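Welcome! Let us take a friendly walk through a protein model and look at how its side chains and strands meet.

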Amino acid sequence: SGPPWANKFFLPDIATNREQVPPAVITHNFGEVPHGTLCVQKFTITNIYDVPVQITDVRKSCTCLDYIPMTKTLQPNETAEFTVTMNAGKFVGHNAQTFYVTFGPKYVSTAAIRVQATSRTDVTLTPGSIAFGTVPQGSKASQAVTVKYSGRTRDWKLTEAVPPQGPFEVKFAEVSRGGPLRGGAEYAVEVSLKPTAAPGPLSEQISIKTSDPSHPTVQIAVSGTIAAPIELSPNKVRFDGVPVGQSVTQRVLVRAAKPFKILGVDGAADGVSVDLPAASAPLQVQFVTVKFDPKQPGAVSPVLKLRTDLDGSTVSLPVEAEAIAK
C-alpha cells in the first residue's frame, strides 16, 4: 500500500511539486542537546487536495513527546504550523520516537513523524525552556535558566548570545566555576521581553555560543503570548447585501487585560452606528452593538474608533457594509 499520503503534507516544497512520492516517514533530528532541553520543531503543513482537511488524532510513542494542537481546518492550498516538542529531560543518551498524526475527516490517512535527539549529561539546562505565559503588551517580563557544564574541559565557557529574531534581550553571567582541579561551570541566562513586543503568540529559539567546537551552541526555546491591551472579537464587522430601509446589528466582544470603561466612539457614519454598553462600572469584558441602517444603496467602509479609559487608548474596528436597493 506504500507510505501514507498524509506524509506529503509535511514536505517543504510540496506546494510547487505535488507529484512527489511521500516518504516512508517524516524525520527530524534535534542532534545532541543539553540534558533537560525542551526541543521544539515547527512543521508547515500544506493541504494539496481540493477538500478541507484537519488533524483528527495525534498519538505519540513516548511521554517525552508533546505537541501544540492544531485546531484549524485547512482549506485547499492553505498552510498552517504544527509544532512538536521532545523533552530531553526525560531521557539520557540517544532516543528516537514517533508521532502518528491522523488527518480527515473525508479521506483518512495517518502521517508518521520520527524525531530523535541525544541528551548529553555533561551539559544541563534547568528549566528546559522559557515559558512566559500570557504577558500584557507593553509590560516587562524576564525569566532565567541555568546552564551547567560538568564535563572535563577546564575552560568551558558560554561565549556570546546570538542576536535573537524575536523581541527579546539575552544576557548571561557566570555564576560559579569548578576550580583548577575539577572542571565544571554554571551560568545564568536571562531572557527579557522587550516592551515593544507586538501582540500575538511567541515561539522562538535563542542560541548561545560555547567554547566547545564539537557542540558550538546551546539552544533555548522561548514561548509565550503577548496580550493586546484591548482585543475585539470579531475584529472586523461585515454586513453584506442589506436592503435600504432595513437595519441589521452585530455584537462585538471587547476584552482588556484589566477592567475598563468605553468612553465613546468616533467614526460612525453612512448609516453605521454603535450602541455602547449600559454598564457604567469598569468591566474586563464588554459588548458593543454595531448597527447598519442604510438610507441609500452602495458600499461603505468606516473605521470605528472606541475610546477607553485605559491610558486613553483607542481600538479600531473596521466595518464593511453594503446596501442594496429594496
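Which residues are linked with Lys-236 in a network of salt bridges? The network joins Lys-236, Arg-238, Asp-240 and Glu-320. Please keep in mind that this is a predicted model.

**Salt bridges**

Side chains of opposite charge can pair when their charged atoms come close. The structure holds 11 salt bridges, and three of them are listed here, including one from the network.

| Salt bridge | Closest N to O |
|---|---|
| Lys-236 and Glu-320 | 3.6 Å |
| Arg-307 and Asp-266 | 3.0 Å |
| Lys-295 and Asp-293 | 3.4 Å |

Take Lys-236 and Glu-320, whose side chains meet in a salt bridge. This pair links distant parts of the chain: Lys-236 is in the loop between β15 (230-233) and β16 (237-243), and Glu-320 is in strand β23 (residues 314-324), 84 residues apart. Lys-236 is partly exposed at 45% relative accessibility, and Glu-320 is partly exposed at 31%.

Now for Arg-307 and Asp-266, which also form a salt bridge. Arg-307 belongs to strand β22 (residues 303-308) and Asp-266 to strand β18 (residues 262-266), so their pairing ties together parts that are 41 residues apart in sequence. Arg-307 has a relative accessibility of 33% and is partly exposed; Asp-266, with 36%, is partly exposed.

In the pair of Lys-295 and Asp-293, Lys-295 counts as exposed at 63% relative accessibility, while Asp-293 is partly exposed at 25%.

**Aromatic rings**

A pair of aromatic rings is described by the distance of the centres and the angle of the planes. The structure holds 11 aromatic pairs. One of them joins Phe-9 and Phe-103 edge-to-face, with 4.8 Å from centre to centre and 75° between the planes. Phe-9 sits in the segment before β1 (26-35) and Phe-103 in strand β6 (residues 93-104), so to speak two distant parts of the chain, 94 residues apart, linked by this pair. Both Phe-9 and Phe-103 are buried.

Why is the pair of Phe-172 and Tyr-187 called edge-to-face? Their planes stand at 65°, and edge-to-face needs an angle over 60 degrees. The ring centres of Phe-172 and Tyr-187 are 6.1 Å apart. Phe-172 is partly exposed at 26% relative accessible area, whereas Tyr-187 is buried at 3%.

Ring pairs also build a cluster out of Trp-5, Phe-9, Phe-10, Phe-43, Tyr-49 and Phe-103. A ring can have a charged partner here too: the charged end of Arg-251 sits over the ring of Phe-287, 3.9 Å from its centre.

**An open sheet**

Strands of a sheet pair through backbone hydrogen bonds, either parallel or antiparallel. Four strands, in the order β8-β14-β13-β10, form an open sheet with mixed pairing. At the edges stand β8 (130-136) and β10 (158-161); each has a single partner strand, so one side of each is left without a neighbour in the sheet. Within this sheet, β13 (residues 200-210) and β14 (residues 217-227) pair in the antiparallel sense over 10 bridges. Ile-206 has Ile-220 in β14 as its bridge partner.

**Cysteines**

The structure holds one disulfide, which joins Cys-62 to Cys-64 with 2.4 Å from S to S. The torsion about this S-S bond is about 135°, so the disulfide is right-handed. Cys-64 is buried at 2% relative accessibility. Cys-39 is in no disulfide, and the nearest cysteine sulfur, that of Cys-64, is 9.4 Å away.

How values were computed
Residues are numbered from 1 along each chain as its sequence is written. This is a predicted model: local features need pLDDT of at least 70, side-chain atom pairs count only at pLDDT 80 or more; totals for chains, interfaces and linings use all residues. Side-chain values use heavy atoms; hydrogens and water are left out. Rings of Phe, Tyr and Trp (its six-membered ring) pair if their centres lie within 6.5 Å; planes under 30 degrees apart count as stacked, over 60 as edge-to-face and the rest as tilted. Buried means under 20% relative accessible area, exposed over 50%, partly exposed in between (1.4 Å probe, protein chains only). A charge sits over a ring if NZ of Lys or CZ of Arg is within 6 Å of the ring centre and within 35 degrees of the ring normal. Two strands pair if DSSP finds at least two bridges between them. A disulfide is a pair of cysteine sulfur atoms within 2.5 Å. A salt bridge is a side-chain nitrogen of Lys or Arg within 4 Å of a carboxyl oxygen of Asp or Glu.
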